[in-house]
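Okay, thanks for making room for me today. I'll put the sequence and the model up, then walk you through what I pulled out of the coordinates.

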Amino acid sequence: MTREGNLLNAEKVVWNRKTGEVTASGNVRLVNPGGDTAYGDSIDLTDSLKDGVIENMLVVLDRGGRIAAARGVRH
């Protein structure tokens, strides 16, 4: 799924058009326009693919840094 330069890949993606909620599970990968990539087990997002919650998160920054956490939230 792509939206405004963000790319979401997962084994399963569900988009609720009425609520605007996107849920994805299984080998989740979210790449932002700057090239930073977030990996996780599952993610709940708004349909802009910008704000949400990711479980078991690893973020690989385009410049080489890494951030890991059990849960990540972006508003």
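**Charges, strands and a few odd torsions**

Let me start with charge: the chain has 10 positive and 10 negative charges, and their mean positions sit 3 Å apart. Before anyone asks, yes, this is a predicted model.

So what does the fold look like along the sequence? It reads β-β-β-β-β-β-β, which is seven strands and zero helices. The radius of gyration is 11 Å, close to the 11 Å that the globule rule gives for 75 residues, so the chain is as compact as a globular protein of that length. If you prefer a box, the C-alpha trace spans about 35 × 25 × 25 Å along its principal axes.

A few whole-chain numbers next. Of the 75 residues, 29% count as buried. The accessible surface comes to about 4800 Å², and carbon and sulfur atoms own 47% of that. On contacts: take those with a separation of 6 or more, and 24% of them are between residues 24 or more positions apart.

Back to charges, at the level of pairs now. How many salt bridges does a search of the whole structure find? Two.

One of them joins the side chains of E4 and K50, at 3.1 Å from N to O. This pair links distant parts of the chain, 46 residues apart: E4 is in the loop between β1 (2–3) and β2 (6–9), while K50 is in the loop between β5 (37–46) and β6 (52–60). Are these residues buried or exposed? E4 has 53% relative accessibility, so it counts as exposed. K50 has 36%, so that one counts as partly exposed.

The other salt bridge is between the side chains of R71 and E55, at 3.0 Å, N to O. Here the partners sit in strands: R71 in β7 (residues 66–74) and E55 in β6, 16 residues apart. R71 is exposed, with a relative accessible area of 52%, and E55 is partly exposed at 31%.

Okay, on to some individual residues, and I'll stay around β5 and β6.

T37 lies in β5. Its relative accessible area is 11%, and the cut-off for buried is under 20%, so T37 is buried. What does T37 touch, once you drop residues up to four places away in sequence? The list is R29, L30, V31, L58, V59 and V60.

Pick V59 out of that list. V59 lies in strand β6 and is buried too, with a relative accessible area of 14%. Leaving aside neighbours within four places, V59 is in contact with T37, A38, G65, R66 and I67. For a distance to play with, V59 and L30 are 29 residues apart in sequence and 9.2 Å apart in space, C-alpha to C-alpha.

Now Y39, which is also in β5. Y39 is partly exposed, at 35% relative accessibility. Beyond four places in sequence, Y39 touches V28, R29, I54, N56, M57, L58 and V60. With R29, the C-alpha to C-alpha distance is 4.6 Å, across ten residues of sequence.

Last topic, backbone torsions. Most residues other than glycine have a negative phi. Which residues here go the other way? I have two to show you.

One is L49, with phi near 65°. L49 is in the loop between β5 and β6. And is L49 buried or exposed? At 2% relative accessibility, L49 counts as buried.

The other is N56, with a positive phi of about 55° although N56 is not a glycine. N56 lies in a strand, β6, and at 44% relative accessibility counts as partly exposed. You've already heard the name: N56 is among the residues that Y39 touches.

To recap the bits I'd keep on the whiteboard: a chain of seven strands and zero helices, two salt bridges, a buried T37 in contact with a buried V59, and positive phi values at L49 and N56. That's my bit, so over to you for questions.

Definitions and conventions:
Residues are numbered from 1 along each chain as its sequence is written. This is a predicted model: local features need pLDDT of at least 70, side-chain atom pairs count only at pLDDT 80 or more; totals for chains, interfaces and linings use all residues. Side-chain values use heavy atoms; hydrogens and water are left out. Helices (H or I, at least four residues) and strands (E, at least two) are DSSP runs, numbered from the N terminus. The radius of gyration is taken over C-alpha atoms; the globule rule is 2.2 Å times the number of residues to the power 0.38. Buried means under 20% relative accessible area, exposed over 50%, partly exposed in between (1.4 Å probe, protein chains only). Contact means heavy atoms within 4.5 Å. Accessible areas come from the Shrake-Rupley method with a 1.4 Å probe; for residues, only the protein chains shown count as cover. Lys and Arg count as positive and Asp and Glu as negative; His and the chain ends are not counted. The place of a charge is taken as NZ of Lys, CZ of Arg, CG of Asp or CD of Glu. A salt bridge is a side-chain nitrogen of Lys or Arg within 4 Å of a carboxyl oxygen of Asp or Glu.
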